[in-house]
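This briefing covers chain symmetry, the surface near one DNA strand, and cysteines. Please look over the sequence and the model before reading on.

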Number of protein chains: 2
Amino acid sequence: MSPDEARRRPPTAQQFVLGELRRAITTGRLRPGTPIRQDALAEELQVSRVPLREALKTLEGEGLVTYKPHKGYCVVMLSLDDLREVYRIRELLEEEAVRAAVARLTDDDLGRIEAAQEEVERAAAAGDVAAMATANRAFHMTLFDCAGRPRLARLIRTLWDTTDAYRSMYYGDAGNRERVIEEHRAALDALRRRSADDAVTTLNVHRDHAVAELEPLLDA
Amino acid sequence: MSPDEARRRPPTAQQFVLGELRRAITTGRLRPGTPIRQDALAEELQVSRVPLREALKTLEGEGLVTYKPHKGYCVVMLSLDDLREVYRIRELLEEEAVRAAVARLTDDDLGRIEAAQEEVERAAAAGDVAAMATANRAFHMTLFDCAGRPRLARLIRTLWDTTDAYRSMYYGDAGNRERVIEEHRAALDALRRRSADDAVTTLNVHRDHAVAELEPLLDA
DNA sequence: ATTTTCAATATTGGATCCAAAATATGGAGA
DNA sequence: TCTCCATATTTTGGATCCAATATTGAAAAT
């Protein structure tokens, strides 16, 4: 392992494993529905089963894996209904977050959101799908964090985590990337005008587009 | 351990510990803010630290304890803001659940909710606070489960878990117990009429009463 | 007296080993 | 051939041990 990797590597094995598992699920290396063989996975990640199991417990709490006593963990298979349910819950919670955020949005906050958007556009221009997914998330979460409601923001984060595995596919399409940028700009415009209604509407459209694109992917 | 206890005891140590920890936090035996000494707790519960740590990971996911690498776990101290935030989120999600539930409520469903209510009243009459808390929870969750939205119901459950520690205090007061029963009856009436609006309104009032009673308790 | 450093101690993180449960295998009986 | 049951193997659950990190306390220097 290079010094650079060592610096990046989290301070505990369970956090390292957690990140690796997220990535594996996100990128589809661990496909939905597959049972998780702890022994094999632990060996592959060069850790013992203890930190692996703690990471799995965390993922269970986030709804990314299921667990049955004495049967083990299993990557969650998101059904179409699940997807719609998650997005509907997101709609409810994110509207709440956006309204609270707009009510107390400072110019400084706005600047950070704009910076995130610049990063999104830079990644899109470079065609870097992974970077774009990260930047997109930062864009939204920065806004949600402005609501000053840590528990609400935490909930929304876990909901995003749940569908991360599928969202990355969304950015594979150039048309989607272009549309995301346009919709973000519209949202930013609403935020600058401190119009909560417009921001909510814009972001709802944004979200609906995403779920509409994702739905076909789940049939396969 | 008696045979009866043995039958009740969960199939894995981590589930047993999970239940014990919840109770300990709920009853205030583990007070908010106290760091959790794994060694001592494990010994007290007669298990090793491994299942204890996995249970703690679950509780962390539910927001009942916090975790810092190399520092350990800590029972969360719910601030007044936290309480309000949790109840506001519950309001949003439970309205959604109730509307979905009413839309598909069968007579059979209604019967189960009524049965839960009978149990609530029975426990209240007996002055059994713990049983009343359990029955009350069953009353609401039975309704939420009727929504046919498993993820939504799961989320609501974890939100309830978060404030369980404080809710039990609520039932210590006889006036509160009486009011809960009245409000449940009003909600049942709305459900029988299949009036989603009335059910939502009634339950919002119900919830607001609870939070109003709980708020003073959090100053101390 | 205050601050800093360093060692001693306590506590968490992780690896290995063993036990318990579930699953797979294979043979006996109908 | 099919079913059922006993056994072997795999896999998960948990206990113990060791390592790494954090905390505490005391001594030394300013």
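Which residue of chain A comes closest to the rotation axis? In this predicted model, the answer is A:G61, whose C-alpha lies 2.6 Å from the axis.

**Symmetry**
- Chain A superposes on chain B with an RMSD of 0.1 Å after a rotation of 180 degrees and a shift of 0.0 Å along the axis.
- This is the relation of a two-fold axis.
- Both copies use the same surface, since 100% of the contact residues of chain A recur in chain B.

**Surface near DNA strand D**
- There are 19 residues around DNA strand D, and A:I36, A:R49, A:Y67, B:A13 and B:S48 come nearest.
- By residue class, this surface holds seven nonpolar, seven polar and five charged residues.
- Sugar or phosphate accounts for 71% of the atoms of DNA strand D within 4 Å of the protein, and bases supply the rest.

**Polar contacts with DNA strand D**
- A:R49 places a polar side-chain atom 3.0 Å from a base nitrogen, and A:R53 has one 3.4 Å from a base nitrogen.
- For B:Q14, the partner is a phosphate oxygen, 3.2 Å from a polar side-chain atom.
- Two or more residues of the surface near the strand come from each of α4 (49-62) of chain A, α2 (13-26) of chain B and α4 (49-62) of chain B.

**Cysteines**
- The count of disulfides over all chains is zero.
- A:C74 has a relative accessible area of 22% and is therefore partly exposed.
- B:C74 is also partly exposed, at 22% relative accessibility.

Notes: Residues numbered from 1 in each chain as written. Chains lettered and ligands numbered in written order. Predicted model: local features only at pLDDT ≥ 70, side-chain atom pairs only at ≥ 80, totals over all residues. Heavy atoms only, no water. Disulfide = S-S within 2.5 Å. Buried < 20%, exposed > 50% of the residue type's maximum accessible area, 1.4 Å probe, protein only. Least-squares fit on C-alpha atoms with pLDDT ≥ 70 in both. Contact = heavy atoms within 4.5 Å. Near = heavy atom within 4 Å. Polar contact = N/O pair within 3.5 Å; in protein donor to acceptor, adjacent residues only side chain to side chain. Helix = DSSP H or I, 4+ residues; strand = E, 2+ residues; numbered from the N terminus. Nonpolar A, V, L, I, M, F, W, Y, C, P; charged D, E, K, R; others polar.
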